[in-house]
Amino acid sequence: MRLSRRSLLAQSAGFASLSLLPNMARAAPAQRKVIFDTDPGIDDAMALLLLHGTPNIELVGITTAAGNGLIDTTTHNALYLAERFRIDVPVSKGQGASLDGVTSSPPVTIHGRNALGDIPLSAVHKKLDPRPAHDLIIDLVRANPHEITLVATGHMTNLALALRKAPDIASLVKDVVLMGGAFGHHDARGNVTPAAEANFHGDPRAADEICAARWPVTIVGLDVTTQTLMTDAYFENLRQHGGQSGRFLWDITRVYMTFHRGLGLDGIYVNDASAAAYVIAPELFKTQKGAVRVSTEGVTLGESVQKADSRVYPPGDWDNRPSVQICTEVDAEGVRSLFRKAVFQMA
């Protein structure tokens, strides 16, 4: 029997090149369902667009938290973003105060008075889901067992309330990714106090309870988010080639860029979008496992400390808690490329 040239080539390559032949079906990337718990916020808007612009990410719900603005502001912003970018998912309002009843003042010098860089915001027609945020989380997790990734980038109140009301969801989520904390890698410490990062400081009891739950948690903290900078030149490229999304990102980052220049930086830290990047491409990060505690009182309020699994200590407050994964290293150029690709995808 005489073999065709194509057959001979395939055999000589051990059939490794069969995927290059015509009519060979390729499996599409599996869809990953995400609930985005957020306090928009400039960097939250960046994270939302990254998730929305990534083809294998399926946003199934947006819940709002306090942080970059008061809860009414962040909820309005979430509705605005969902409507403007045609993100057709339920948006549900969270609890504004922390578990301990504290309402934090928003950082208007960083995110602006409207928390979206003080750009003009048009009227919003999209309606809120009637359920409280923690109930929406519970309902969606139970309806999609072992499929939901919870991504939280504001105060962690909603996730803690969901756990308190329905502890069973801990065994039903796929995983949990938090933007919060700082663990000393690359000399990362607090950004609202010398000890604490803003999201954990805003509701430290919620953060500590989340880290105590028996569900898979990854924390994307200041240790890596401050290692990735996006410059004016980067955003100018997005503005020129990224369509509506690129122009929007340029506009909202003007106030944010001014704040970061005041820190002596030539660009903005990529905080919340780094958490979204971890969900999409975890290979861009290195991690370390160990129990995590978050301080709930005193001058260290909101401080996050990990007891690495590789270290042995006398008995203490980290014992009998689950191992939590924290990010320690990041491929910063990989994150920038991932974000650029998502924005261009939407252009």
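In this predicted model, Arg-86 lies in the loop between H3 and strand E3 (91-92). Its phi is positive, about 55°, although Arg-86 is not a glycine. Arg-86 counts as exposed, because its relative accessibility is 70% and the cut-off for exposure is over 50%.

A second non-glycine residue with positive phi is Ala-115, at about 70°. Ala-115 is also a loop residue, placed between helix H4 (108-111) and H5. Its relative accessibility is 0%, so Ala-115 counts as buried. The two loop residues thus carry positive phi values, with Arg-86 exposed and Ala-115 buried.

A further backbone feature occurs at Pro-40. The peptide bond from Pro-40 to Gly-41 is cis, and its omega is near -10°. Gly-41 belongs to the loop between strand E1 (32-38) and H2. Helix H2 itself spans residues 42-52. Of its 11 residues, 10 are buried, so H2 is largely enclosed by the rest of the structure. The buried set opens with Ile-42, Asp-43 and Asp-44. It continues with Ala-45, Met-46 and Ala-47, and ends with Leu-48, Leu-49, Leu-50 and Leu-51.

Pro-40 also takes part in the surroundings of Thr-74. Thr-74 is found in helix H3, residues 71-84. It counts as buried because its relative accessibility is 0%. A polar atom of the Thr-74 side chain lies 2.8 Å from the backbone oxygen of Ala-65. Beyond its neighbours within four places in sequence, Thr-74 is in contact with Asp-39, Pro-40, Thr-64, Ala-65 and Gly-69. Ala-65 therefore appears both as a contact of Thr-74 and as the source of the backbone oxygen, where a contact means heavy atoms within 4.5 Å.

Leu-49 of H2 is buried, and Leu-49 is also touched by Ser-245. Ser-245 is placed in helix H11, residues 243-262. With a relative accessibility of 4%, Ser-245 counts as buried. Apart from residues up to four places away in sequence, Ser-245 touches Leu-49, Phe-85, Val-343 and Met-346. Gln-345 is 100 residues from Ser-245 along the chain. The C-alpha atoms of these two residues are separated by 9.8 Å.

Leu-140 gives another pairing across the sequence. Leu-140 and Tyr-234 are 94 residues apart in sequence, and their C-alpha atoms are 36 Å apart in space. Leu-140 sits in helix H5, residues 133-143. Its relative accessible area is 15%, which is under the 20% limit, so Leu-140 is buried. Leaving out residues up to four places away in sequence, Leu-140 touches Ile-35, Val-60, Gly-61 and Ile-148.

Gln-325 is located in strand E11, residues 324-330. It counts as buried because its relative accessibility is 16%. The Gln-325 side chain makes a polar contact with the side chain of Thr-218, at 3.0 Å. Thr-218 is flanked in the contact list of Gln-325 by Val-217 and Ile-219. The list, which leaves aside neighbours within four places in sequence, also holds Tyr-278, Thr-287, Gln-288 and Lys-289.

Tyr-278 leads to helix H12, where it is one of the buried residues. H12 covers residues 272-280. In this helix 9 of the 9 residues are buried, so H12 is largely enclosed by the rest of the structure. Asp-272, Ala-273, Ser-274 and Ala-275 are buried. So are Ala-276, Ala-277, Tyr-278, Val-279 and Ile-280.

The overall features follow. The secondary structure of the protein comes to 13 helices and 11 strands. Of its 347 residues, 53% count as buried. The radius of gyration is 21 Å, which agrees with the value near 20 Å for a compact globule of 347 residues. Along the principal axes, the C-alpha atoms fill a box of roughly 85 × 55 × 45 Å. Among contacts with a separation of 6 or more, 79% join residues 24 or more positions apart.

The accessible surface comes to about 15700 Å². Carbon and sulfur atoms account for 52% of that surface. The protein has 33 positive and 36 negative charges. The mean positions of the positive and negative charges are 9 Å apart.

Definitions and conventions: Residues are numbered from 1 along each chain as its sequence is written. This is a predicted model: local features need pLDDT of at least 70, side-chain atom pairs count only at pLDDT 80 or more; totals for chains, interfaces and linings use all residues. Side-chain values use heavy atoms; hydrogens and water are left out. Helices (H or I, at least four residues) and strands (E, at least two) are DSSP runs, numbered from the N terminus. The radius of gyration is taken over C-alpha atoms; the globule rule is 2.2 Å times the number of residues to the power 0.38. Buried means under 20% relative accessible area, exposed over 50%, partly exposed in between (1.4 Å probe, protein chains only). Accessible areas come from the Shrake-Rupley method with a 1.4 Å probe; for residues, only the protein chains shown count as cover. Lys and Arg count as positive and Asp and Glu as negative; His and the chain ends are not counted. The place of a charge is taken as NZ of Lys, CZ of Arg, CG of Asp or CD of Glu. A polar contact is a pair of N or O atoms within 3.5 Å; within protein, one must be able to donate a hydrogen and the other to accept it, and residues adjacent in sequence count only if both atoms are side-chain atoms.
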